[in-house]
Each structure stands twice: as C-alpha cells, then as structure tokens.
Amino acid sequence: MKAKTADKIATSVIIAVAAFIVLILAGLLGYILFRGVGHISFHFLTSAPETIRKGGGIGPQLFNSVFLLVLTMIITIPIGLGAGIYMSEYAPANRITSAIRLVVEVLSSVPSIIVGLFGLLVLVNLFGFGFSLFSGALALTVFNLPLMVRITEQGLKGVPREQKEASLALGLSKWKTITSVMLPIGLPVILTGTILAAGRVFGEAAALLFTAGMSSPRLDFTDWNPFSPFSPLNPFRPAETLAVHIWKINSEGLAPDAAQIAAGASAVLVITVLLFNFAARWLGRYMYRKFTAIK
C-alpha cells in the first residue's frame with residue numbers, strides 16, 4: 001500500500017471516529033434537553049420540591065449545587081494551585097517526590113463512592129461535621145485535588161524555558177517569575193483543569209449521598225445569618241444537591257410528575273454546566289490577554 005493511500009485511510013478513520021463521538025455527545029445532550037426544557041419555568045427553578053403532590057420545583061437543590069461549587073472551589077483552587085507550583089518548580093527529583101506523584105495518581109482513580117464512605121467515617125462521624133455542605137465540599141476536594149495538581153504542573157511545565165530564564169536574568173525572583181510570567185502563560189491550561197474540577201462538583205452524586213445528605217431543610221432566603229440552621233448560607237446544614245435530587249426522584253419519587261421533574265432537573269443540570277464552561281473559557285481568554293498584553 002502506498003504511503004499516500006495509507007495516510008488518507010488513517011485520516012478518514014480518525015475523522016469518522018471523531019464524528020461518531022461528537023454525534024453521540026450531541027445526541028445525548030439533545031435527548032436530555034428535548035425531554036426536559038419544556039418543563040423548565042421560573043416556578044420550577046425557584047420553588048421547593050413536593051413529596052407526594054405535583055408541581056414541585058428544584059429551587060433549594062439548585063442553590064445547594066451552586067453553593068457547594070463555591071465552597072469546593074474555595075478549598076480546592078488554593079491548595080491545588082500551590083501543590084502544582086511546588087511539584088513543578090520547587091520539588092527535588094527524588095524518591096519522595098516520585099512517591100507524592102504516585103499518591104496523586106492513585107488518588108485520582110479512587111471511585112467516588114469510596115471517597116463518600118471515607119467522608120462518612122472521617123468527616124461526618126469522626127470530626128463531627130455531620131451531613132453538611134462542608135463535609136460534601138471536603139469530600140469533593142479529595143478527588144478534585146489530583147486533577148488540579150496535575151493540570152497546574154503541566155501548565156507551568158509548558159511555559160517555554162527561554163521566557164523563564166529571561167525573567168530570571170532580568171533580576172526577578174523565582175516567585176515573581178512564577179506569578180508574573182509563568183502563571184499568565186499557563187493560565188488557559190490551569191483554567192481548563194478548574195473547569196473540569198467544577199464540572200465534577202455539579203455532576204457528582206455518589207460521594208455526596210454519604211456526606212452532604214439526601215435532604216435539605218426548608219430554607220429561609222430572608223435569613224442571611226450563616227449560623228442559623230435555616231439560612232441558605234449555613235455551610236454546616238444538610239444539603240441535597242441537584243444531582244442527588246435527580247437520583248432520588250428517579251429511584252423513590254412519589255410525586256405524580258416525578259419523571260417530568262427528573263427530566264427538567266437533568267436539563268437544568270446540563271445547561272448550567274454548559275454555561276459555566278463557556279463563561280469560564282471566556283474569562284480565561286480575557287485574563288490571558290490582560291496578563292500577557294496580547295490583544
């Protein structure tokens with residue numbers, strides 16, 4: 001077989017496989033949106049769910065998902081960014097560093113249900129945090145950290161060596177070089193890792209069943225005292241997220257319109273993740289242009 005013929009065949013196969021994957025993804029998203037968009041309304045997005053009556057909404061669950069995302073990112077981003085910087089720029093090439101990398105790789109492959117059981121035993125029971133948003137955020141941090149560490153390390157290692165050396169040659173300290181030269185260049189890669197970590201927060205259910213709980217108290221959105229048990233800003237209250245609510249409605253929902261509620265909640269979940277991804281990518285490009293003065 002001639003080289004050009006083999007190249008054309010290989011290219012066609014790759015394009016066909018890519019098109020098949022895109023088609024499956026588009027079909028899955030289209031099916032979820034087609035079934036659920038018609039059930040979305042302002043009342044659906046803001047009202048509380050009903051147990052046995054029809055017409056319930058997903059307001060508390062949607063708020064819990066957003067609040068849990070914020071809490072998790074507040075914990076994950078500083079730790080993951082710092083650990084990635086250390087592994088990339090400061091960690092010596094020895095057995096301890098290799099062991100740390102191995103632990104990070106192993107931790108990234110732990111099933112979420114195991115992380116949830118760990119959270120139940122350690123966070124909920126041993127430390128006494130109970131079923132709460134804080135316990136859920138810590139559990140999600142456990143398997144989001146490996147992704148953040150790896151992505152940060154790869155983003156910094158992708159910076160051209162010449163730019164790093166030029167910064168050091170101009171008299172800038174190593175830390176100043178990292179914060180002013182390397183981080184802005186590696187920002188798109190790092191932000192991609194942050195997006196993936198955030199998407200996992202929105203879609204995760206197994207770990208949250210054992211940490212954040214499967215119920216949520218009646219929230220009083222006029223009470224902004226974070227220490228009140230009915231305040232939406234209380235991080236130590238039980239909180240059923242949107243993904244957990246979808247699972248619960250599908251498995252044990254008693255409302256007559258349980259299927260419609262699950263379809264609508266699934267569509268909201270998909271739309272929210274898509275909007276968050278698009279907004280984060282736009283923010284990443286804006287920050288990259290701002291830090292690097294590239295228009």
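This is a short tour of a predicted model, stopping at one aromatic residue and then at several salt bridges.

**Stop 1: Phe-20**

Start by selecting Phe-20, which sits in helix H1, the run covering residues 3-36. Is this side chain buried or exposed? Phe-20 counts as exposed because its relative accessibility is 51%, and the cut-off for that class is over 50%. Now add Thr-241 to your selection and draw a distance between the two C-alpha atoms. The separation is 32 Å, for two residues that are 221 apart along the chain.

**Stop 2: Lys-164 and Glu-89**

Next come the charged pairs. How many salt bridges does a search of the whole structure find? The search turns up five, and we will visit some of them, including the one between Lys-164 and Glu-89. Select both side chains and look for the N to O contact of 2.6 Å. Lys-164 belongs to helix H7 (residues 161-169) and Glu-89 to helix H3 (residues 59-90), so this pair ties together parts that lie 75 residues apart in sequence. If you colour by accessibility, look at each partner in turn. Glu-89 is buried, with a relative accessibility of 11%, because buried means under 20%. Lys-164 is partly exposed, at 26%.

**Stop 3: Arg-150 and Glu-105**

Move on to Arg-150 and Glu-105, whose side chains also meet in a salt bridge, here with an N to O distance of 4.0 Å. Which helices does this pair tie together? Arg-150 is in helix H6 (residues 133-157), while Glu-105 is in helix H4 (residues 95-108), so the link joins parts 45 residues apart in sequence. Arg-150 is partly exposed, with a relative accessible area of 23%. Glu-105 counts as partly exposed too, at 41%.

**Stop 4: Glu-165 and Arg-161**

For the last stop, go back to helix H7 and select Glu-165 together with Arg-161, both of which lie in that helix. Their side chains form a salt bridge in which the closest N and O atoms are 3.6 Å apart. How far apart are the two residues along the helix? They are four residues apart, about one turn. Show the accessible surface here as well: Arg-161 is exposed, with a relative accessible area of 57%, whereas Glu-165 is partly exposed at 44%.

**Before you close the viewer**

To see both kinds of link in one view, keep helix H7 selected. Lys-164 in H7 reaches Glu-89 in helix H3, while Glu-165 pairs with Arg-161 inside H7 itself.

Note on methods
Residues numbered from 1 in each chain as written. Predicted model: local features only at pLDDT ≥ 70, side-chain atom pairs only at ≥ 80, totals over all residues. Heavy atoms only, no water. Buried < 20%, exposed > 50% of the residue type's maximum accessible area, 1.4 Å probe, protein only.
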